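Colleague: I am new to this structure and would like a close look at a single part of it. Could you take me through one place where two elements pack together, and then set that place within the rest of the chain?

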Amino acid sequence: MEARDKQVLRSLRLELGAEVLVEGLVLQYLYQEGVLTENHVQEINAQTTGLRKTMLLLDILPSRGPKAFDTFLDSLQEFPWVREKLKKARKEAMTDLPAEMRKLRPKDSVTCLASQLTWRF
């Protein structure tokens, strides 16, 4: 998942938690599309409240690959207002990039971003 998308999830974490996103088809769609494993689904469902389930999902999503955010958006068919809020926040995050990075070609901007990241092993 891109750093921008991780930031969007982090910045809207409490609002997303209040929506109890794990009810309905969200988890099953993410499982079907390979974003979540069976173990993830069981771990999330084992949580005692909807808030805890949603928070655990938000903890897991950033580590689930480059398509996780878009697939999460697709899973929100029952929550169109949440999907729109996430899309808007993502678009705003793009426009908040420094002017120098917006001028760069996509390949150059990735290199620039990568040079600014601190990797943890």
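Modeller: In this predicted model, a good place to start is the contact in which His-40, Glu-43, Ile-44 and Asn-45 of helix α4 meet Lys-53, Leu-56, Leu-57 and Ile-60 of helix α5. Sorted by class, the residues of this contact are 4 nonpolar, 2 polar and 2 charged. Two packed helices are described by the angle between their axes and the distance between the axes. Here α4, which covers residues 38–45, and α5, which covers residues 50–60, pack at an angle of about 150°, and their axes lie 8 Å apart. Angles over 145 degrees count as roughly antiparallel, and α4 and α5 are therefore roughly antiparallel to each other.

Turning to α4 by itself, its buried residues are His-40, Val-41 and Ile-44. When one looks down the axis of α4, these buried residues fall within an arc of 100°, so they line one face of the helix. The cover over them includes α5 and also α3, which spans residues 26–32. Two of the buried residues, His-40 and Ile-44, are also among the α4 residues that meet α5.

Helix α5 has a part in another piece of packing as well, since the buried residues of α6 pack against α1 (3–11), α3, α5 and α7 (80–95). Helix α6 is mostly covered, with 6 of its 8 residues buried, and these are Ala-68, Phe-69, Thr-71, Phe-72, Leu-73 and Ser-75. To take one of them more closely, Thr-71 sits in α6, the helix of residues 68–75. Its relative accessible area is 11%, and because buried means under 20%, Thr-71 counts as buried. Leaving aside residues up to four places away in sequence, Thr-71 touches Tyr-29, Leu-30, Glu-33 and Val-35.

As for the setting of these helices, the protein chain holds 9 helices and 0 strands, so that read along the sequence its pattern is α-α-α-α-α-α-α-α-α. Of its 121 residues, 35% count as buried, while the accessible surface comes to about 8,000 Å², with 54% of that belonging to carbon and sulfur atoms. Finally, if one takes the contacts between residues at least 6 apart in sequence, 64% of them join residues at least 24 apart.

Terms used. Residues are numbered from 1 along each chain as its sequence is written. This is a predicted model: local features need pLDDT of at least 70, side-chain atom pairs count only at pLDDT 80 or more; totals for chains, interfaces and linings use all residues. Side-chain values use heavy atoms; hydrogens and water are left out. Axes are lines fitted to C-alpha atoms, for helices over the stretch in contact, and angles run from 0 to 180 degrees between N-to-C directions. Helices (H or I, at least four residues) and strands (E, at least two) are DSSP runs, numbered from the N terminus. Angles under 35 degrees count as roughly parallel, over 145 as roughly antiparallel, 65 to 115 as roughly perpendicular and the rest as oblique. Contact means heavy atoms within 4.5 Å. Ala, Val, Leu, Ile, Met, Phe, Trp, Tyr, Cys and Pro count as nonpolar, Asp, Glu, Lys and Arg as charged, and the others, Gly among them, as polar. Buried means under 20% relative accessible area, exposed over 50%, partly exposed in between (1.4 Å probe, protein chains only). Accessible areas come from the Shrake-Rupley method with a 1.4 Å probe; for residues, only the protein chains shown count as cover. The arc is that of the directions from the helix axis to the C-beta atoms.
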